[in-house]
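Please look through the structure shown here alongside its sequence. The paragraphs after it move from the chain as a whole to particular helices and residues.

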Amino acid sequence: MHISLNPWVWIAAILTLAIFSILFKENPFYRVAEHLFLGLSVGYSLTFIWHNALWQIAFKPLFVGGEVILIIPILLGLLYFARLIPKISWLVRIPIAITLGWGSGMAIPRMFQASIFKQMEAGVQQIMPQMFKGDNLFALSGGFWGILILIGTLATLIYFFFSRKEKSVLSTVVSPVGIFFIMLGFGATFGLTVMSRISLLIGRLQFLLRDWLGLIQ
């Protein structure tokens, strides 16, 4: 057992225990650690944004490089602060509308390309005839799994399109299959989330037992 003599390790360990104390009940130690974390996060974020975004992209090219056109986005950004003045608070709608319009125009085509078209392309490639030959049949990229993915995709889409109360073959037979695949996806996502949180907990416990107390190697 070799307890660390590094003061920064002690500070990190004490703050970690203060955060863990919320598992017992809310207390002043947890609040101090929480406020300290939020304050440091906000301060670091503001400093990072100023040095890496505002100064490098906007103010430095404007005042040093003479790019006068940058006055327009700077003024649009300043309009966000109009929300603090009730008489002109409506001006905040201008940068919000521009941001949402530009963001939607940039994100929606990429989302279709990455999440829909690429998935359809991969699904079609997996059910090509050559995927049903030899070792490809039960490989992860083989024909069997390709058909399973195709069935899951179609059943899920049918569930959303035929989820009304009308009785039909699609709503009574195929829709439950779609529900099964949806629940399977939700379960996998939830399991991945839990595993990531558990890995963070294990990392903190290893820090306390190894780096701080020296109980493990």
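Among the contacts in the protein chain with a separation of 6 or more, 26% are accounted for by residues 24 or more positions apart. These values come from a predicted model, and they describe a protein chain of 217 residues, of which 18% count as buried. The chain has 6 helices and 0 strands, so that, read from the N terminus on, its elements run α-α-α-α-α-α.

A good place to begin among the helices is the pair at the start of this series. Helix α1 covers residues 7–20 and helix α2 covers residues 28–63, and their axes come within 8 Å of each other while crossing at roughly 115°. The crossing of α1 and α2 is left-handed. On the side of α1 the contact is made by L15, A18 and I19, whereas α2 brings F29, Y30, A33, E34 and L36 to it. Sorted by class, the residues in this contact of α1 with α2 are 7 nonpolar and 1 charged, with no polar residue taking part.

From this contact the reader can turn to the nonpolar core, where α1 appears again. Which residues make up the largest nonpolar core? The core consists of V9, A13, F207, L208, W212 and L213, which is 6 residues in all. The elements that give two or more residues to this core are α1 and α6, the latter spanning 169–212, and α6 gives the most, with 3 residues. V9 offers a closer view of this region: leaving aside residues up to four places away in sequence, V9 touches S4, F207, D211 and W212.

One of the residues touched by V9, namely D211, also leads to the charged pairs, for the structure holds 2 salt bridges. D211 forms a salt bridge with R210, and the closest N and O atoms of this pair are 3.3 Å apart. D211 counts as partly exposed because its relative accessibility is 34%, and R210 likewise counts as partly exposed, at 37% relative accessibility.

The other pair joins E26 and R31 in a salt bridge, with the closest N and O atoms 2.9 Å apart. Are its two residues buried or partly exposed? E26 counts as partly exposed because its relative accessibility is 48%, and R31 is partly exposed as well, with a relative accessible area of 44%.

Notes. Residues are numbered from 1 along each chain as its sequence is written. This is a predicted model: local features need pLDDT of at least 70, side-chain atom pairs count only at pLDDT 80 or more; totals for chains, interfaces and linings use all residues. Side-chain values use heavy atoms; hydrogens and water are left out. Axes are lines fitted to C-alpha atoms, for helices over the stretch in contact, and angles run from 0 to 180 degrees between N-to-C directions. Helices (H or I, at least four residues) and strands (E, at least two) are DSSP runs, numbered from the N terminus. A crossing is left-handed if the near helix is turned anticlockwise from the far one by less than a right angle, and right-handed if clockwise. Contact means heavy atoms within 4.5 Å. Ala, Val, Leu, Ile, Met, Phe, Trp, Tyr, Cys and Pro count as nonpolar, Asp, Glu, Lys and Arg as charged, and the others, Gly among them, as polar. A salt bridge is a side-chain nitrogen of Lys or Arg within 4 Å of a carboxyl oxygen of Asp or Glu. Buried means under 20% relative accessible area, exposed over 50%, partly exposed in between (1.4 Å probe, protein chains only). A nonpolar core is a set of buried Ala, Val, Leu, Ile, Met, Phe, Trp, Tyr and Cys residues joined through side-chain atoms within 4.5 Å.
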